[in-house]
Amino acid sequence: MTGYEILRSTNREEGYEHIGGAAPGATYFSDSNTENKVKYFYRVRAISPWGTSESLPSNPVFSRVQWFDFSRLTLFALALIIACAIFYFISSAKTGKKLFIRKIAGLEAVDDAVGRATEMGRKIIYIPGIMDMDSMQTIAGVTILGRVAKLAAEYEAKLEVPVSKSLVMVTCRETVKEAYINAGRPDAYNDNMVYYLTDDQFGYAAALDGLFLRDKPAAVFLQGQFYAESLILAETANSVGAIQIAGTAMPSQLPFFVAACDYTLIGEELFAASAYLSKDPKLLGSLKGQDVGKFIFLLVILVGVLFLTLNSVLGLGLPDLATVF
Amino acid sequence: MRREVPLVLTAMVGLTMIIAHFIPPFNILKDLFEDWFFIIAAFAIYLGVLNLIRVNADKIYRKSRDWPFGIVVILGFLVITIPGLFFSGGRSFSDPGTSFYFLYIHVYYPLSATMFALLAFFVASASYRAFRARNVEATMLLAAAFILMLGRVPIGDWITAWLPEGYRMGNAADWIMDFPQTAGQRAIMIGIALGVVSSALRVILGLERAMGGD
């Protein structure tokens, strides 16, 4: 047996056309190219080195508009609970309720990094990752840039934002410009502070390495989505003595940043940074809402582990939560 | 108005993307918005290219510091763009026989590989700093790294061959990867997922104004 061919027709007896294939052992095939409310018949042709064999036609089936994807019901329920928790904490924060947010060392150091650059009269280089604006990490990186740019404007520090995507360049320019206006320093802003280098991953890394070595920045921010270039950038910036604050939600790159940078925002801290730096109660409320999500996940994991342990030791036949969810 | 319009557009597109994830008929709008993004991104490339040329031409014109690098950038841009656009018959850089392919294989590819290769040296220097046993956590990190590195090469099992099967260096390395490492990584992933949900809601609700500089 080398595989299966899937045949389809609107007539039970004839006109079957090849619409796809399946590997040996496959037990299902999904036809995503159908016309709604048209009846189709299917046949499966088994292929082997000795010839082919076809199944009888299936019963007629038809597709129709599915108004809700029930395979995502659990995800929907979870998302709804977490969203409600976030809304609840945002509204309670609006009423002035005090919310406790743990200290994030990397974000506490932002002021120091900008201050250091000002004192040394050297640049702050801000890198918002290597991905485009469709990445949530890039969006988080750009929001943090807004806070850093405002600080840089207030401290009169030199800020430079080399980017690897044109859309990121446009967004960063708007963000930095608005930050300078809000800091009361529109005169200090110019478009050349944010500039495009290249879309190419290692070309971008090479250009930034050159920039670090030539300009010897006092502070380097690496905030966004990074891949293999993360350590190349972090180690080069480290070699010129820059204070580095990194942040990413790429688990594979986090160890590199932790090893090479002074401060690292780990995963969720990257997304929390903007709220944390702004101290806006509404944004801080959204962080508190995440804790409800964490509690749910923790509970499910603990119950799941307990069920599996009881099943294994006592053979109770409790449900496996991994299949339930 | 200048602030409100982008916020309303963001909220509309963001909500549509969420709804489409659960209600399939909305996928038509989701696909449409994704197409729009790619079209806008494709046009935006020209903004980037123009900016690159303008910044470097300006640097050369003003004889700013390191201006010769500006010449290298513009020459590099022209050397790869002109053969790609005009002397490769509309074929891709991956089609052998074109000048575009020649430049890709003999210039771009080795340069990229060189940058990537630097990673090996940077891993060594970063590891040296990270694995110094300065406190309890760093010492645990050092011990885990030692076991992992030895467990991933044949000599690890060879020097622990006297131990029973299942307790050798390779098994210890597998255990570290399968249990403590996976548990830690999953905890980070859960935090990231929740962070994304929270950030997305802030952006959609218009609470996140830092992108507008607020």
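E156(A) is a handy place to start: this residue sits in the loop between α3 (136-155) and β6 (158-163) of chain A. Keep in mind that everything here comes from a predicted model. Chain A has 10 helices and 10 strands, while chain B has seven helices and zero strands. Below is a quick tour of two loop residues, one strand, one cavity and the overall build of each chain.

**Two loop residues with positive phi**

- Most residues other than glycine have a negative phi.
- E156(A) goes the other way, with a positive phi near 60° in a residue that isn't glycine.
- As for surroundings, E156(A) is exposed, and its relative accessible area comes to 59%.
- K216(A) also isn't a glycine, yet its phi is positive at about 45°.
- You'll find K216(A) in the loop between α5 (201-215) and β8 (219-223) of chain A.
- Is K216(A) exposed or only partly exposed? With a relative accessible area of 40%, K216(A) counts as partly exposed.

**Strand β1 of chain A**

- Why call strand β1 (residues 3-9) of chain A largely enclosed by the rest of the structure? Because five of its seven residues are buried, and buried here means under 20% relative accessible area.
- β1(A) pairs with strand β3 (residues 41-48) of chain A in the antiparallel sense, over seven bridges.
- β1(A) also runs antiparallel to strand β2 (residues 17-22) of chain A, and five bridges join these two.
- Y4(A) is a good residue to click on for both pairings: Y4(A) stands opposite A46(A) in β3(A), and its bridge partner in β2(A) is A22(A).

**The cavity**

- Rolling a probe the size of a water molecule over the atoms shows where empty space is left.
- How many cavities of 30 Å³ or more does a search of the whole structure find? The search turns up one.
- The volume of the largest cavity is about 40 Å³.
- From chain A, the lining of the largest cavity takes in M136(A), I139(A), A140(A), T143(A), F271(A) and S274(A); from chain B, the lining includes S199(B), R202(B), V203(B) and E208(B).
- Three elements give two or more residues to that lining, namely α3 and α8 (268-278) of chain A and α7 (169-204) of chain B.
- α3(A) makes the largest contribution to the lining, with four residues.
- By residue type, the lining of the largest cavity splits into five nonpolar, three polar and two charged.

**Chain A overall**

- The radius of gyration of chain A is 27 Å, well over the 20 Å that the globule rule gives for 325 residues, so chain A is more spread out than a compact globule.
- Along the principal axes, the C-alpha atoms of chain A fill a box of roughly 80 × 50 × 40 Å.
- Of the 325 residues in chain A, 50% count as buried.
- Take the contacts in chain A between residues at least 6 apart in sequence: 64% of these join residues at least 24 apart.

**Chain B overall**

- Reading from the N terminus, the elements of chain B go α-α-α-α-α-α-α.
- Chain B has a radius of gyration of 26 Å, whereas a compact globule of 214 residues would come in near 17 Å.
- The C-alpha trace of chain B spans about 70 × 50 × 40 Å along its principal axes.
- Buried residues make up 24% of the 214 in chain B.
- For contacts in chain B between residues at least 6 apart in sequence, 22% link residues at least 24 apart.

Note on methods:
Residues are numbered from 1 along each chain as its sequence is written. Chains are lettered from A and ligands numbered from 1 in the order in which they are written. This is a predicted model: local features need pLDDT of at least 70, side-chain atom pairs count only at pLDDT 80 or more; totals for chains, interfaces and linings use all residues. Side-chain values use heavy atoms; hydrogens and water are left out. Buried means under 20% relative accessible area, exposed over 50%, partly exposed in between (1.4 Å probe, protein chains only). Two strands pair if DSSP finds at least two bridges between them. On a 1 Å grid over the protein atoms alone, a cavity is a set of points where a 1.4 Å probe fits but cannot get out, and a pocket is an open set with protein on both sides within 12 Å along at least five of seven lines; lining residues have an atom within 4 Å of a point. Grid points are joined across faces, edges and corners, and a volume is the space filled by probe spheres set on the points. Ala, Val, Leu, Ile, Met, Phe, Trp, Tyr, Cys and Pro count as nonpolar, Asp, Glu, Lys and Arg as charged, and the others, Gly among them, as polar. The radius of gyration is taken over C-alpha atoms; the globule rule is 2.2 Å times the number of residues to the power 0.38. Contact means heavy atoms within 4.5 Å.
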